Amino acid sequence: NVIGRVKADEEGNFKLIAKENGADITDSSQITLIATAPNKRESEKTPVPSNNGEVSHPNDLTPPPAAELVPDNDNAKFTIEPEVEKATVEYTDNDSTKKTAEVTRDKDGNLQSNDPNVKVEGKDTIIVPNENTQDDTPVSVVTEDLAGNTSEPTVAGTPEELPNN
């Protein structure tokens, strides 16, 4: 039962005076927030506290989990968690050109890549085949959640992993 809609500011903050059928809502267990944005998945249902029907939600500042590196001899392979909305992949192609690809989720949670050199599998795996990257160069992934928070980069091909020149 929708009791109101409100637009958040640029920082994600909002305030809603909640009423149902004209009566103030005072029981916070009855209020659940779902955030939406154009062309993005809805957020999980989040119970929010009510102060005599006034509902506010502070901006989410918690970064998402970083991508996890998956051992694979033929690829730079990463897995990401379901709460990750977008991943930025940086690599150097075979022509020594630095590339940045974006992997996003569709409304069903499936991953999509805007770069044919960056492959995706299902809802959690990003693959950059070694054949699409310059030898001895790193591939990094930074994840981003619905609130725009970013993780620390996860890097495949770090100096410790690269062969000695």
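**Close-up views of a predicted all-strand model**

**View 1. V120 and its bridge partner.** V120 pairs across a bridge with I126 of β14. The model is predicted. The pairing belongs to β13 and β14 (residues 125-129), which are linked by three bridges in the antiparallel sense.

**View 2. The four-strand sheet.** The sheet is open, and its strand order is β8-β9-β14-β13. Its pairing is antiparallel. Which strands stand at the edges? They are β8 (68-70) and β13 (119-121). Each of these two has a single partner strand, so one side of each lacks a neighbour in the sheet. On average, neighbouring strands of this sheet are turned by 30° against each other, direction ignored.

**View 3. The β8-β9 hairpin.** Four residues make up the hairpin connection from β8 to β9. Strand β9 covers residues 75-79. It pairs with β8 in the antiparallel sense, over three bridges. Within this pair, V70 lies opposite K77 of β9.

**View 4. K77 at the β9-β14 pairing.** How many bridges join β9 to β14? There are five, and the two strands run antiparallel. K77 has I127 of β14 as a bridge partner. K77 also stands opposite V70. The view therefore takes in residues from three strands of the order β8-β9-β14-β13, where β8 is an edge strand with a single partner.

**View 5. D93 in its loop.** D93 sits in the loop that connects β10 (84-92) and β11 (98-105). Is D93 buried or exposed? D93 is buried: its relative accessible area is 9%, and the cut-off for burial is under 20%. The D93 side chain comes to 2.9 Å from the backbone nitrogen of D95. Leaving aside residues up to four places away in sequence, D93 touches K99, N132, T133 and Q134.

**View 6. The whole protein, for context.** The protein has 16 strands and zero helices. Of its 165 residues, 30% are buried; D93 is one of the buried residues. The exposed area is about 10,600 Å². Carbon and sulfur atoms supply 44% of that area. What share of the contacts between residues at least 6 apart in sequence joins residues at least 24 apart? The share is 51%.

Notes: Residues are numbered from 1 along each chain as its sequence is written. This is a predicted model: local features need pLDDT of at least 70, side-chain atom pairs count only at pLDDT 80 or more; totals for chains, interfaces and linings use all residues. Side-chain values use heavy atoms; hydrogens and water are left out. Buried means under 20% relative accessible area, exposed over 50%, partly exposed in between (1.4 Å probe, protein chains only). Contact means heavy atoms within 4.5 Å. Accessible areas come from the Shrake-Rupley method with a 1.4 Å probe; for residues, only the protein chains shown count as cover. Two strands pair if DSSP finds at least two bridges between them. Axes are lines fitted to C-alpha atoms, for helices over the stretch in contact, and angles run from 0 to 180 degrees between N-to-C directions. A polar contact is a pair of N or O atoms within 3.5 Å; within protein, one must be able to donate a hydrogen and the other to accept it, and residues adjacent in sequence count only if both atoms are side-chain atoms.
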